[in-house]
Amino acid sequence: MATQVLSRKQRGEQIQPQDIEQINPETFWVKSQSGRGGYSVTLFRGKWTCDCADFKFRQIECKHIHAVLQQTSQEPNWLYLLGLWEAPL
Ligand SMILES: [Zn+2]
């Protein structure tokens, strides 16, 4: 029987906005979908990082990063305000 494997993007879409908390302009806390705890997703020098195992081992955007990106794309203004978006050199 074929198993439906969701992409990381799709899994990120399953994370609810209320499970994402903005700690500071560059750090978000994403509640774990599988139980207690959570992961911090940080924008560091223009790159998103996460402290979950998926990101650590694979160095690709995990579902938490996707979730934060989806969340923040609904309000793109804060990136502009911070100068992180198309920041002039
Ligand atoms: Zn992650």
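Gln-59 is an exposed residue, with 9 other C-beta atoms within 10 Å, and in this predicted model its place is the loop between helix H2 (53–58) and helix H3 (63–73). The backbone of Gln-59 has a phi near 55 degrees, a positive value in a residue other than glycine. A comparable description applies to Arg-45, for which phi is positive at about 50 degrees although Arg-45 is not a glycine. Arg-45 belongs to the loop between strand S3 (38–44) and strand S4 (47–50), and because 7 C-beta neighbours lie inside 10 Å, Arg-45 counts as exposed.

Confidence varies along the chain. The mean pLDDT of the protein is 81, and 76% of its residues reach 70 or more. Strand S2 (residues 27–31) has the highest confidence, at 95, whereas helix H4 (residues 77–82) has the lowest, at a mean of 56. Where pLDDT is low, the predicted coordinates should not be read in detail.

The secondary structure comprises four helices and four strands, and the elements follow one another from the N terminus in the order α-β-β-β-β-α-α-α. Of the 89 residues in the protein, 18% are buried. Among the contacts with a separation of 6 or more, 39% are accounted for by residues 24 or more positions apart.

The four strands form an open sheet, ordered S1-S2-S3-S4, in which the pairing is antiparallel. S1 and S4 are the edge strands of this sheet, each of them pairing on one side only. Neighbouring strands are turned against each other by 25 degrees on average, with direction ignored. In general, strands of a sheet pair through backbone hydrogen bonds, either parallel or antiparallel.

Within the sheet, strand S1 (residues 20–24) pairs with S2 in the antiparallel sense over four bridges, and the two strands are joined by a hairpin through two residues. Two of the residue pairs can be named: Gln-22 has Phe-28 as its bridge partner in S2, and Ile-20 has Val-30 as its bridge partner in S2. On the S3 side, five bridges join S2 to S3, and these strands also run antiparallel. Here Thr-27 stands opposite Thr-42 in S3, while Trp-29 stands opposite Ser-40 in S3. The hairpin of S2 and S3 has six residues between the strands, and in this hairpin Gly-35 takes a positive phi near 150 degrees.

The two faces of S2 are set apart by their surroundings, since Phe-28 and Val-30 form a covered face and Thr-27, Trp-29 and Lys-31 an uncovered one. Lys-31, which lies in strand S2, counts as partly exposed because 18 C-beta neighbours are found inside 10 Å. When neighbours within four places in sequence are left aside, Lys-31 is in contact with Asp-19 and Gly-38. Lys-31 and Glu-21 are ten residues apart in sequence, and their C-alpha atoms are 8.3 Å apart in space.

The covered residues of S2 recur in the largest nonpolar core, which consists of eleven residues in all: Ile-15, Phe-28, Val-30, Tyr-39, Val-41, Cys-50, Phe-55, Cys-62, Ile-65, Ala-67 and Val-68. At least two residues of this core are supplied by each of S2, S3 and H3, and H3 gives the most, with three residues. One member of the core, Phe-55, touches Thr-49, Cys-50 and Cys-62 when residues up to four places away in sequence are not counted. In soluble globular proteins, nonpolar side chains tend to be buried together.

Terms used. Residues numbered from 1 in each chain as written. Predicted model: local features only at pLDDT ≥ 70, side-chain atom pairs only at ≥ 80, totals over all residues. pLDDT = per-residue confidence, 0-100. Buried ≥ 20, exposed ≤ 12 C-beta atoms within 10 Å, placed from the backbone. Contact = placed C-beta atoms within 7 Å. Core = buried A, V, L, I, M, F, W, Y, C linked by C-beta atoms within 7 Å. Pairing = 2+ DSSP bridges. Axes fitted to C-alpha atoms, helices over the stretch in contact; angles between N-to-C directions.
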